[in-house]
Amino acid sequence: MDDDAKRPTRVRAARPEGAPPWNPRRLGAAPAAPAPAPAPDDEGERLAKRVAALRGCSRRDAEMLIAQGAVRVDGQPAVAPQQRVGPQQHVEVDDVQPRALPPATLLWHKPPGIAADAQAWAVDQRVYVHPQAPTAPGLFMQQHCAAGLGDAASGLVVHTQVRGVWRRLVDEATLVEHEFLAEVQGEPQPAQLAALRPAAASLARQGGGTTGLRLVIAGTEAHRIAELCDRAGLRLVGLRRLRIGRVPLAGLAPGQWRLLRANERF
């Protein structure tokens, strides 16, 4: 038999739905939630299809109009091109020209007890929008968590549509410092502080039976803080991320988000 006939056929795995078009590795981030099942055809049609028919435009232009916030369904702002609309629902489209929104990076002060990688957080919790932040639905579409946190932790989380930001925080994670405030029970001893390697630890006293430790650690090791505290004999009772690279949490109340500014770099 010919040698080529013996070789197994290589099959390239399909890219997981919802994964970014660039390197999909998520160092230290929670796995993406599974995509919801598509609605049956008898529950209506895709909003983008309805908008395209109303405006006499392409499906791509319809998606851009939805992303701009120019579309309402029964008087409520539309949030996604794929949402289903029934024949009796009223769809309004503003008389504006479709335009593509530039990719954006969102900085979020995650409260404890909320999953950092939930895709619905920005749309469903608009009460938390920073007063100066725009709210176009396109800002929240296809966002990927480039710097997540465990559910119990709080502080700075980064969601991005920008390939360069993803590359900096994931592919170059060893070069980016993450600063945390770890609240531990009691007062650590010098030997315990020395055991918190590779994190550089310094005291930030809080009182009330707990001690705050400022920990600076590389992005690839940020998910190990609970493990490091446990190995040092310290009981971790709270964890908040204060800074990623040169971008601080300062200015964001718990739950608020804002856009990464053009002059900010991680």
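This briefing walks through the pairing around one strand and then an aromatic contact. The model is predicted. Strand β12, residues 236–244, is a good place to start: β12 pairs with β8 in the parallel sense, and with β9 in the antiparallel sense. After that, we turn to the one aromatic pair found in a search of the whole structure.

**Strand β12 and its partners**

- Strand β8, which covers residues 154–160, runs parallel to β12 and is joined to it by two bridges.
- One contact to look for here is glycine 155, whose bridge partner in β12 is arginine 241.
- Strand β9, residues 177–185, pairs with β12 over seven bridges, and these two strands are antiparallel.
- Histidine 178 has isoleucine 244 of β12 as its bridge partner.

**The hairpin of β12 and β13**

- Strand β13, residues 247–248, runs antiparallel to β12, and two bridges join them.
- Isoleucine 244 turns up again here, with valine 247 in β13 as its bridge partner.
- Two residues lie between the strands of this hairpin, and glycine 245 has a positive phi near 60°.

**The aromatic pair**

- A search of the whole structure gives one aromatic pair.
- The pair formed by phenylalanine 140 and tryptophan 257 is edge-to-face because the ring planes stand at 90°, with the ring centres 5.5 Å apart.
- These residues are 117 apart and link distant parts of the chain: phenylalanine 140 sits in the loop between α4 (121–124) and β7 (144–147), while tryptophan 257 belongs to strand β14 (residues 257–259).
- Phenylalanine 140 and tryptophan 257 are both buried.

Notes. Residues numbered from 1 in each chain as written. Predicted model: local features only at pLDDT ≥ 70, side-chain atom pairs only at ≥ 80, totals over all residues. Heavy atoms only, no water. Pairing = 2+ DSSP bridges. Helix = DSSP H or I, 4+ residues; strand = E, 2+ residues; numbered from the N terminus. Phe/Tyr/Trp six-rings, centres within 6.5 Å; stacked < 30°, edge-to-face > 60°. Buried < 20%, exposed > 50% of the residue type's maximum accessible area, 1.4 Å probe, protein only.
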